[in-house]
Protein chains: 4
Amino acid sequence: MIVVMATNATARQISEVIARIRAMGYEVHLSEGEERTIIGVIGRGDPLDKEQLSMQEGVHEVLSVTHPYKIASREYHPEATTFALGQHTVGAKDLALIAGPCSVEGREEIIEIAHAVKEAGATALRGGAFKPRTSPYSFQGMGEEGLKYLAEAREQTGLPIVTEVMDPSLVPLVAEYADVLQIGARNMQNYTLLHAAGKSHHPVLLKRGMMSTIEELLMAAEYILSHGNMRVMLCERGIRTFETYTRNTFDINAIPVLKDITHLPIIADPSHGVGKWEYVEAVSLAAVAAGADGLILEVHQDPESAMSDGRQSLTPKRYHELVKKTVALANLVGRNVPTAQPVGA
Amino acid sequence: MIVVMATNATARQISEVIARIRAMGYEVHLSEGEERTIIGVIGRGDPLDKEQLSMQEGVHEVLSVTHPYKIASREYHPEATTFALGQHTVGAKDLALIAGPCSVEGREEIIEIAHAVKEAGATALRGGAFKPRTSPYSFQGMGEEGLKYLAEAREQTGLPIVTEVMDPSLVPLVAEYADVLQIGARNMQNYTLLHAAGKSHHPVLLKRGMMSTIEELLMAAEYILSHGNMRVMLCERGIRTFETYTRNTFDINAIPVLKDITHLPIIADPSHGVGKWEYVEAVSLAAVAAGADGLILEVHQDPESAMSDGRQSLTPKRYHELVKKTVALANLVGRNVPTAQPVGA
Amino acid sequence: MIVVMATNATARQISEVIARIRAMGYEVHLSEGEERTIIGVIGRGDPLDKEQLSMQEGVHEVLSVTHPYKIASREYHPEATTFALGQHTVGAKDLALIAGPCSVEGREEIIEIAHAVKEAGATALRGGAFKPRTSPYSFQGMGEEGLKYLAEAREQTGLPIVTEVMDPSLVPLVAEYADVLQIGARNMQNYTLLHAAGKSHHPVLLKRGMMSTIEELLMAAEYILSHGNMRVMLCERGIRTFETYTRNTFDINAIPVLKDITHLPIIADPSHGVGKWEYVEAVSLAAVAAGADGLILEVHQDPESAMSDGRQSLTPKRYHELVKKTVALANLVGRNVPTAQPVGA
Amino acid sequence: MIVVMATNATARQISEVIARIRAMGYEVHLSEGEERTIIGVIGRGDPLDKEQLSMQEGVHEVLSVTHPYKIASREYHPEATTFALGQHTVGAKDLALIAGPCSVEGREEIIEIAHAVKEAGATALRGGAFKPRTSPYSFQGMGEEGLKYLAEAREQTGLPIVTEVMDPSLVPLVAEYADVLQIGARNMQNYTLLHAAGKSHHPVLLKRGMMSTIEELLMAAEYILSHGNMRVMLCERGIRTFETYTRNTFDINAIPVLKDITHLPIIADPSHGVGKWEYVEAVSLAAVAAGADGLILEVHQDPESAMSDGRQSLTPKRYHELVKKTVALANLVGRNVPTAQPVGA
């Protein structure tokens, strides 16, 4: 940390800032310029509160030279984090292809779509049993019944299950059925839920909040990681901007940035990222080209009748087309679609 | 709702859309233009899903002519909602002046500041016992111990208590101590928490999420209201924009807009809205001039030592100055500061 | 400036950075921490390019400790800038009350509205002769004919004229008729136009771009000031955010911030800032309460027939009501409405 | 257009709205619901002002069912617009690979980099002679001297020239030297400049403003197109959002959206879109995967010494790597890099 004193700071103010820093177990390094004094904070003491320091009299500004997350950073953990998702590995060469409906709408429906996405090449099944809806009057999901149907779909297809949990007290229940706990964008800073997910030691798919910075996403991940639960996938699903033509603005920049600064796998969610099915393929290919470790996509056998998010859902046929293009692209960027048929087959 | 068909929609597509609308219990009104057909949806049937309709073949766009919230709207409830907060009434002529530290930091500290803000003219005490912090390594609040100190501060000063609850399972505990349950900006769309607050039938201060539209704020309130809990105050606390000079951008427009479209009281939080104490007074006066029903402000006896949010905290002395200016301004805009000394006293 | 070296920077990289800084005429101050070296840049040499320095090998980050504008800053010019606008002074105790239609629509129309706003208490007349319109098919203004009508309105009412100039080559023409050159939000970074306005030495009203930070606004002002033209008013007119209920988000925070960091007068434009006439009064009072030096408002005798911006235009009657409330508020915040009738008159 | 009347609109108000619409040469279609009346506007009359209609008494809202741009739309011109850029064609199968420094810094420098990007596979040379800089104290470009050096570079390499014009009065001068007039992001709504570019009938590269919607970009293009100048390329270069880790947020969604709704070619500018050279390759490949018609990239022989934008500039070597990857990707998405060596060569 660097403390920049005001141009008119007094000698006494400077001494008091130094005393405070030393009291926390740090050394200081003084740089007395013509215009102002700058104090470097050196060493490893108690956590220093940047805001407190900036409130000291005579202080102009406090500048951080490091980021606030630790376990999530590449510096802490240079190797990419990888872990099993069903028969495949997330974060390594294989792309994770997670697909399924927005909501579980019934037993037959989820089993049918599970078979359909598996045939199309998916490596995991998504589907919401507990749904966060903007309106209290909208369909809120099938609850535990939906979880049971998801488990049955897994039994029949072998696809691991990714499903959302919204209530910290339901983490054990959802973890009983699901292979991956999804934490939704609206709950990215629901710290009670993050703690519960951390303690569960279950794999987590953590979605970026629609107005959260990349740094805040990593801080949210840090909550989970701080419990020793390292199996966390980050998910870019679009941010909120002034542009209203698309539902969100998919932050393609976040893919290479996250690959650079964290070791956690990055999954792209173009369904929410663009919000209209006709643009989902283009954004999906873009995400893979930019280095994403996988795609999570909404697929529904009859989007027009979907109970939620039909506007952005692909049909199984369109999803199959997309997977075929992803196979070719994956090879080009040094990745692999594990469910792809061998060439010529 | 109005369904705008595509210019090239076929007669069969039009019939199918009409059939679907009728199947939900509505009548249709057809307008066949030269370029396209427009279908008006008339009557009161089952809830219609705008997204589903927009997915029907041949549909260009579906336009809403009403807003999605009901109980929160002025149309539903034309009179302003008012309710007791301690000895005063929120939402009527009296301004609510809620003040106190960001966090409860200890027994003596909260009791001291409670007396200080009371003397300055506050009508309620704020202070966090459970703190949502971006970093898992930051101070997370004193928990139930903090709630007990708040209750003791109330006993000594008579000020009702406003404090945050983050965990749905802790709503009963917090409601036992607090007069008002605060739901923080990060949890505005934590629907499990909203349901729990609704069921508690305890007064609620609902903060607008930094990324949430005015309509989404009202939809979040609707979750609470739908349980019959009508004692909800809305809180504008600044939104996230591209501007980084201030912590947030206080949305002054939201004050007159909310006063117009909802009957719920609107409290302004300029401490978070601007994020630097030196600008808090200006934004507070602006909020009252624009029609806010109250102010919630961070006040700390020693902002430089505050465990959180010191940068935006007023000293008791500065808070007292602000209250004095608010008294004069309140009269001008037809409001009243109930704790104000009579003129000439 | 402070250069933060990477944790793994080599001694050679450090030497090269130091050499580069010295070559520009600065001294360096070295702080060698356990983890990294930090280099302070001291003295006054040639302008240093932050970006260039940050590109040097081994550099982690370059931090500025000063802002990039000079003449616009309070540090450079601690006293508030004031100058004459008609019979009154802008930037001192008197509020500037600029009012009139979005566009000049005809001779009679502008003369009529000029009389109306004068009677209501305005101190200057606004009206566009050259209109920046999103669509090439919309009314683009009356051009020089409109300027002539504005001049005639001034002759009849004594109100000075504020009108927009969009084309650098037309600055002399517009300056011939207008008392204040308005530079619109879309042109805030039209540097050719800023240079032309600077060279004209005519008073300027510079609107903040809807996408521009406070710092960028001051940098744009710096273009004008750098020609020795100090008669610049800044105008906050709302920024673009994700909120769509209002046309823009009026950045009330910007008022106290600008009053703090610059000496230039700040005019508020609530008509554009909120975009709906029914909310304009609330936001206008808020702006004055927050410390604005004046208001620029759209007033039209028949908003329903206005050729542009009718949705946000006040009638003369409503404007008159607003001015009356402003008079009372001005006294409260230590300001004055120069056209106000003496109390009791 | 659809006029939604208020629930309490009177019969007289409804008649007046209808009369107004008819007076403009349209027919109306009335839909009288239980709650409100809705008026459809039918036919082709004089341009109707949505805002004016929405100001009529008794009107709740006016909804558009069409977009405001015409010549730019796919509906008006279903075939993709293509035109020659040097020896290749923009907007057809060939990708346009435009590369070069941010600024022309000298004769030798621009000629050297022109040869370097040509060897790497570029199809056009970029370089600014007139530079829009945030600060009046920064390097503003070499002016006409820079244009001459660009022309010399073209002579030696055969690469057509893309360079920015900021001043409407300089359009003829810049058009004399340049093959493509670039209109920068800050000038996207500089209508005087857009008109001048339209009248020049010279090819134009129109950059999206950093806070402009897709619709506003097309409206800006419409200004140029309305003069009969159809040779317009649109350029997505990142928008301004709350995220500060990257310089801008490259709007990858805009690529498939623009390909869908307009016939004009879309060029991606990942250099500005992400702002740090280490992420430029990932975003470039993403843009091509999403369907862009070309890439405009900043390349500098010594980014550390660049007079502007060094932080986002590639070295010629890195650019060459990027082009090689683009060749492979282009084939995959049905495009072609015209300068690519035949496979096996």
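How many salt bridges does the rule find across the interface of chain B and chain C? The rule finds 2 there, a salt bridge being a side-chain nitrogen of Lys or Arg within 4 Å of a carboxyl oxygen of Asp or Glu. One of these joins B:Arg208 to C:Glu243, with an N to O distance of 2.8 Å. The model is predicted: local features need pLDDT of at least 70 and side-chain atom pairs count only at pLDDT 80 or more, whereas totals for chains, interfaces and linings use all residues. Residues are numbered from 1 along each chain as its sequence is written, chains are lettered from A and ligands numbered from 1 in the order in which they are written, and side-chain values use heavy atoms, with hydrogens and water left out.

The interface of chain B and chain C takes 35 residues from each of the two chains, where contact means heavy atoms within 4.5 Å. About 2,800 Å² is buried between them, and carbon and sulfur atoms give 72% of this area; buried area is the accessible area (1.4 Å probe) that two parts lose on being put together, summed over both. On the chain B side, B:Phe242, B:Asn253 and B:Tyr279 lose the most area to chain C, together 21% of what that side buries. There are also 10 residue pairs in polar contact between chain B and chain C, both residues being at pLDDT 80 or more. A polar contact is a pair of N or O atoms within 3.5 Å; within protein, one must be able to donate a hydrogen and the other to accept it, and residues adjacent in sequence count only if both atoms are side-chain atoms.

Two or more residues of the side of chain B that touches chain C come from each of α8 (254–261), α9 (270–274), α10 (277–289) and α11 (316–332) of chain B. Helices (H or I, at least four residues) and strands (E, at least two) are DSSP runs, numbered from the N terminus. With 6 residues, α10(B) gives the most to this side.

Symmetry comes next. A turn of 180° with a shift of 0.0 Å along the axis lays chain B on chain C with an RMSD of 0.0 Å, and the two copies are thus related as by a two-fold rotation axis. The superposition is by least squares on the C-alpha atoms of residues with pLDDT of at least 70 in both copies. B:Ala286 is the residue of chain B that comes closest to the axis, with its C-alpha at 1.9 Å. The copies meet through the same surface, because 100% of the interface residues of chain B are also interface residues in chain C.

The contact of chain B with chain A takes 47 residues from each chain. Here about 4,100 Å² is buried, 50% of it on carbon and sulfur atoms. The rule finds 2 salt bridges across this interface, including that of B:Arg240 with A:Glu216, whose closest N and O atoms are 2.5 Å apart.

Within chain A, 6 of the 8 residues of helix α8 (residues 254–261) are buried, that is, under 20% relative accessible area (exposed is over 50%, partly exposed in between; 1.4 Å probe, protein chains only). Among them are A:Ile255, A:Val257 and A:Leu258. The buried residues of α8(A) pack against elements including α7 (214–225) of chain A and α10 (277–289) of chain D.

In chain D, D:Ala290 lies in the loop between α10 and β14 (294–298) and counts as buried at 7% relative accessibility. Its contacts beyond four places in sequence include A:Ala282, A:Ala286 and D:Pro256.
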